[in-house]
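This report walks through selected side-chain and backbone features of one protein model. Please keep the sequence and the 3D view at hand while reading.

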Amino acid sequence: MAVKAPNILWVCTDQQRYDTIGALGNPYVSTPNIDNLVAEGVAFTHAYCQSPICTPSRASFLTGMYPNATHAIRNGNDFFPDAYPLVTRTLADIGYDCGLIGKLHLASAYGRVEPRVNDGYRYWQYSHAPRDDWEQGHDYADWVRTQGYILGELNQNPEGVPAELHQTTWCAEQTIEFIREDRDCPWLASVNIYDPHPPFNPPQTHREQYNPAEMPEPLFRNSDLEQQPRLQAVDFQSKVRTPDELDIRSPILPQTPHQEAEAVDARDAKTLIAAYYAMVQLIDEQLGRILETLDETGQRENTVIIFTSDHGETLGDHGLIQKGCRFYEGLVRVPLIFSWQGQFASGLRSDALVELVDKAPTLLELAGLRVPEEMHGKSLLPILRGEADPNHHRDFVRCEYYDAVDLPDHTFATMYRNERYKLVVYHGHEEGELYDLINDPGEFENLWHINAKQDIKFELLKQSFDASMLAMDKGSQRVGPM
């Protein structure tokens, strides 16, 4: 154990885009507590998940390995293969007191509570999702009952679950309880809030603060109505629609004073965005309560704070909502903020390309441990400590999709992105996407079939194939020549 190893508060939301933070350029959403973390810490503005789907992304950043190496490449797995140790297990083994609050999602929670793995968590408060689907083992639903309510009944409320009974609030309550425990060792709190994941149903008190008419437009052009049908066989949770009538299956509740009665469950993108931002605001408020507890207990100066998400949300961009096999910036680029008062750089915004697999080696180094040679992640500590160029960390980032959701095509696809170009290959479909992100940051002009861009496409295909090969699972450690 390193001398005075820091506590670690690791907050991971679910399906939160990179562009949902006031201090990082969004004037429509209220996030004062996250803004304070940006002001006092390091914000990575180009952080990419390694899969746009929950389980492969989480398995990846919890191990520091790409999804293919973890053998947890899709949602709905019977069990977590445990090919590589979770970083929480490794930290627990050297004396950290680790707590899980909220979602884990390394294996299926369909028809059952997700089975525990060798995760290292001593404190366990589990909530896969804020639904009343599990008779036993759903700690959030049990907590709601202690408050005198039934979660399944609250979920039918047209005004949404009240903020004081919301799963986001419960996550804060349990985290505060964990932080306040007496102990003589460092701790790690893994706080996994379900929002702003669909259904888009924030509490009425928060939803009414966002007028859909005042929300920004999604990234959309009529050309999307031609581009997306070319990919219609490729798995995704929605079909392309114009921003005024999205393919929404999850409800947007509740009705707000800004809308007419018939607008309840409205399908337009701006109503969706308003609900999404209201969910982010509640997350920010509850984060503020957790940070206040760190201050009150005198633990703030020795606590590393991480704020991030597992992947993003299309949110009407290109006529799509939710997730699946696409790699647009809103879906694969997420918030990533680190703060450690007096130890990390303050007010630093890094535009370097980073991956979520970089978190695990960063935590290992913080605890004074050696980063395993086979780990795909690369520690961010040099940038965090102001010892390295904040504008460069990786030459490229990758994202993988291997039959990740239960949809008919069972698609396989990979994304390779360098500082200028993004290449997407839909394997077996003779289709792909190529974007010049300097000249086309909105990803509207697909260059895949443009004759003048074939040389750069083939060079990127080679680089992407090389990167995929080098990311393969090498198996057990070599101990001899034969």
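**Aromatic groups**

The model is predicted. Tyr121, Trp124 and Tyr126 make up one aromatic cluster. Trp124 has a charged partner too: the charged end of Arg116 sits over its ring, 3.8 Å from the centre. A like arrangement involves Phe178, where the charged end of Arg183 sits over the ring at 4.5 Å from its centre.

A pair of aromatic rings is described by the distance of the centres and the angle of the planes. The count of aromatic pairs comes to 13. One of them joins Tyr276 and Tyr277, with 6.5 Å centre to centre and 50° between the planes, a tilted pair. Tyr276 and Tyr277 are both buried. Tyr328 and Tyr435 form another pair; their ring centres are 6.4 Å apart and their planes meet at 50°, so this pair is tilted. The Tyr328 and Tyr435 pair links distant parts of the chain, 107 residues apart. Tyr328 belongs to the loop between strand 6 (303-309) and helix 11 (329-332), while Tyr435 belongs to strand 13 (residues 431-436). Tyr328 and Tyr435 are buried.

**A nonpolar surface patch**

Phe465, Met469 and Met472 form a nonpolar patch on the surface. Together they have about 320 Å² of accessible area. Met469 is part of helix 14 (residues 454-470). Its relative accessibility is 46%, so Met469 counts as partly exposed.

**Val191 and its surroundings**

Val191 is in strand 5 (residues 187-192). Is Val191 buried or exposed? Its relative accessible area is 1%, so Val191 is buried. Which residues touch Val191, leaving aside neighbours within four places in sequence? The contacts are Leu9, Trp10, Val11, Cys12, Ile101, Cys171 and Thr175. Val11 is 180 residues away along the chain, yet the C-alpha atoms of Val191 and Val11 are separated by 4.7 Å.

**Salt bridges**

Side chains of opposite charge can pair when their charged atoms come close. The structure holds 32 salt bridges. Three of them are set out below.

| Acidic residue | Basic residue | Closest N and O atoms |
|---|---|---|
| Asp133 | Arg131 | 2.8 Å |
| Asp295 | Arg300 | 3.3 Å |
| Glu355 | Arg394 | 3.5 Å |

The Glu355 and Arg394 bridge spans 39 residues in sequence, with Glu355 in strand 9 (residues 348-355) and Arg394 in the loop between helix 13 (381-384) and strand 10 (396-402), so the pair ties these parts together. Glu355 is buried, at 0% relative accessible area. Arg394 counts as buried as well, at 13% relative accessibility. Salt bridges with shared partners also join Glu329, Arg333, Arg417, Lys422 and Glu443 into one network.

The other two bridges in the table have their own settings. Asp133 is partly exposed, with 49% relative accessible area. Its partner Arg131 is partly exposed at 35%. Arg300 is buried at 10%, whereas Asp295 is partly exposed at 47%.

**Packing of helix 1**

Helix 1 covers residues 32-40, and its buried residues are Asn33, Ile34, Leu37, Val38 and Glu40. What covers these buried residues? The cover includes strand 2 (42-48), helix 10 (269-296), strand 6, strand 8 (336-339) and strand 9.

**Backbone exceptions**

Most residues other than glycine have a negative phi, and most peptide bonds are trans. Some places in this model depart from that.

The peptide bond from Asp195 to Pro196 is cis, with omega near 5°. Pro196 lies in the loop between strand 5 and helix 8 (204-207). The bond from Pro198 to Pro199 is cis too, again with omega near 5°. Pro199 is also placed in the loop between strand 5 and helix 8.

Positive phi values occur at Asp403, near 50°, and at Glu430, about 55°. Neither Asp403 nor Glu430 is a glycine. Asp403 lies in the loop between strand 10 and strand 11 (412-418). Asp403 counts as buried, at 13% relative accessibility. Glu430 is in the loop between strand 12 (421-426) and strand 13. Glu430 counts as exposed, at 72% relative accessibility.

Definitions and conventions
Residues numbered from 1 in each chain as written. Predicted model: local features only at pLDDT ≥ 70, side-chain atom pairs only at ≥ 80, totals over all residues. Heavy atoms only, no water. Phe/Tyr/Trp six-rings, centres within 6.5 Å; stacked < 30°, edge-to-face > 60°. Buried < 20%, exposed > 50% of the residue type's maximum accessible area, 1.4 Å probe, protein only. Helix = DSSP H or I, 4+ residues; strand = E, 2+ residues; numbered from the N terminus. Lys NZ or Arg CZ within 6 Å of the ring centre and 35° of its normal. Patch = residues over 30% accessible without salt bridge, like charges linked within 9 Å, V, L, I, M, F, W, Y side chains within 5 Å. Areas by Shrake-Rupley, 256 points an atom, 1.4 Å probe, with all protein chains shown as cover. Salt bridge = Lys/Arg side-chain N within 4 Å of Asp/Glu carboxyl O. Contact = heavy atoms within 4.5 Å.
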